[in-house]
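Visitor: Could you take me through a close look at a single part of this model, and then set that part in its wider surroundings? I would like the reasoning spelled out with the cut-offs it depends on.

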Amino acid sequence: MSLSITPTTHVTTESRPFRVTLCLVALTLTAILLLAPLAVVFAEAFREGAAAALDMVSERDARAAIGLTLTVAAIAVPLNVIAGFAAAWAIAKFDFRGKAVLISLIDLPFSVSPVVAGLALVLLYGAHGVLGDWLAAHDLKVVFALPGIVLATLFITFPFVARELIPVMTEQGRAEEEAALTLGASGWHMIRTVTLPNVRWALLYGVLLCNARAMGEFGAVAVISGKIRGQTTTMPILIEMFYNEYLSVAAFSMAALLAGLALLTLALKSFLEWHHADAIAASRRH
Amino acid sequence: MTPFILRHGRAPLLAALLAGTSLGTPAHAETTLLNVSYDPTREFYRAYNDLFNDWWTAQGNEPVTIEQSHGGSGAQARAVIDGLEAQVVTLALASDIDAIAGNSDVVPEDWQKTLPHNSAPYTSTIVFLVREGNPKGIKDWGDLVGDGVQVITPNPKTSGGARWNFLAAWGWALKTMDGDEDAALDFTRKLYANVPVLDTGARGATTTFAQRGVGDVLLAWENEAFLALAEIGEDKFDIVVPSVSILAEPPVALVEGNLDDEQRRVATAYLEHLYSPEAQALALANYYRAWDTSKAAPEDADRFPELDLVIIEEFGGWAEAQPRFFGDGGIFDQIYSE
């Protein structure tokens, strides 16, 4: 598969100083654009010491926000895994009319501004929305409550799992599944023993990305949360609140915690990639 | 090949996530009120909720849980209209509560007659916050339209404070230009040409000015200006009091449509107690101009400079001023769309 490369030939024709400069520019940009903001968040959080930062994130409103954020992620991520897997399965393994439309629909949340998504949910489920009267008659609260926040998060994170799975599933084709069926496997048995093992890495990436975004979403949730302290404030919303209340150590401690969760997700992804490099390569069949 | 995800991946992750959920669900045995308020009242209501609970339990009642939601006044009114279940609203101006009354049936039309002083337990006015030493030499409204002066004020479409700002500017222009409305229009047009960014709420604008360092002068609620000095440092900013400003009356109201019997009893007491000498002293300590100074510390009561205040009635009340100045195609739209 791999080409043999003679050690004396350079891939590039540019001079060495030019390449070094280019590398330095890239590294500097990365430092300025990615590392510096992150470093500032952590520096600000620990400005009054680690104990103060810890105090801030264990305060009542902060604990409630952390709990709410984890709850929302715990509901939204599994639902998106099921929906994303089903959608990717349908798109990759079957031919049907309107397939292109379905693919575009899955991408819709990427192109729609989160604020618009939040407003659309208010228009649909709000007191004067299309479903408002019916919801009120059945004493169901959606907007400015947990269900609304979950719906907004589901909308925003919908593409993540499907988008990771579609290319892998398409590439793998349907030969193995067909073989399993021919050998007498039931549908569920086939999914469990053939399809899922083949896409498990892509699925895991999808879950991790989906989780990171679910915890971090601000725009759509801000519209639909009602900003009730300790009730409907997720971590990103509370960060903004703390900042606006001149509690910058509290704001940045929460921000550091949220960034920490995201970094943990990234670290987990990198660790799995590194630890299972062979399996990943095999599953991609390169 | 083992199906990694199914056997090892999701279950522990889910369990870990679900374990966190118990943190976010407090018990709901007692009566709960939601106070939907505007931006700069965060510190005041945090203190008042404690004061009210102490007084309420001293009367032999069960303690109440009071939840707070803060944001731009117009945006908060919008949320109540869309179904945010507030039991009381404490907003920046009457027209936002009028909007709730007009667009839903949770607040009665005559809400403003139920409590003293047009249902405004405290008032404030609009002043300027400038950087230490007042480097641009800003003394009055006329200095705001100079070249190179950046003015920070929020968006009147979403912020109550911003509407008071606008009308204060308009009031000064009419007084100094012999009531010439064309001149006032020209003045406000130049003023808003100097505004680089419109935040949605008063607190966002204060943050933009004070913490992000944008602009030369912030048109601020007087209480916001004092609070910024107290929180960020007296050595960073100066307050400039213009010759003319406006009497800003932030009103409060029960949201009748969202009350059960017990909530009605508590919420009524909650709003009425705002007029008690103790609560009035608390409002004064939080830099509001309250009515009753009998229990206030002298330094809180004497803090406020005397100035010439126009009142909303001079604009025909909010019922007239709101559509004329801030409605669709109103005066603000005309000057800002250019």
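Guide: A residue is called buried when its relative accessible area is under 20%, exposed when that value is over 50%, and partly exposed in between. The model shown is a predicted one, and with that cut-off in hand helix α3 of chain A can be described as mostly covered, since 26 of its 34 residues are buried. This helix runs over residues 60-93 of chain A, and from its first C-alpha to its last it reaches 49 Å, close to the 50 Å expected at 1.5 Å a residue.

Elsewhere in chain A, Ser248(A) lies in helix α12, which comprises residues 248-275. Ser248(A) has a relative accessible area of 15%, and because the cut-off is 20%, this residue counts as buried. Leaving aside neighbours within four places in sequence, Ser248(A) is in contact with Glu44(A) and Arg47(A).

In chain B, a loop residue serves for a close look: Leu144(B) is placed in the loop between β5 (126-131) and β6 (151-152). Leu144(B) has a relative accessible area of 0%, and is therefore buried. When residues up to four places away in sequence are not counted, Leu144(B) touches Phe128(B), Ile138(B), Val149(B) and Val151(B), and also Leu191(B), Asn194(B), Val217(B) and Leu219(B). A further position to set beside this list is Val195(B), which is 51 residues from Leu144(B) in sequence, while the two C-alpha atoms are 9.8 Å apart in space.

The surroundings of that loop can be described for chain B as a whole, which has 14 helices and 12 strands. Of the contacts in chain B with a separation of 6 or more, 75% are accounted for by residues 24 or more positions apart, and buried residues make up 57% of the 338 residues. A compact globule of 338 residues would have a radius of gyration near 20 Å, and the 22 Å of chain B agrees with this; along the principal axes, the C-alpha atoms fill a box of roughly 75 × 65 × 40 Å.

As for the surface, chain B exposes about 13,600 Å², of which carbon and sulfur atoms supply 50%. Chain B carries 23 positive and 50 negative side chains, and the centres of these two sets lie 7 Å apart.

How values were computed: Residues numbered from 1 in each chain as written. Chains lettered and ligands numbered in written order. Predicted model: local features only at pLDDT ≥ 70, side-chain atom pairs only at ≥ 80, totals over all residues. Heavy atoms only, no water. Helix = DSSP H or I, 4+ residues; strand = E, 2+ residues; numbered from the N terminus. Rg over C-alpha atoms; globule rule 2.2 N^0.38 Å. Buried < 20%, exposed > 50% of the residue type's maximum accessible area, 1.4 Å probe, protein only. Contact = heavy atoms within 4.5 Å. Areas by Shrake-Rupley, 256 points an atom, 1.4 Å probe, with all protein chains shown as cover. Lys, Arg positive; Asp, Glu negative; His and termini not counted. Charge placed at Lys NZ, Arg CZ, Asp CG, Glu CD. Expected span 1.5 Å × (residues − 1).
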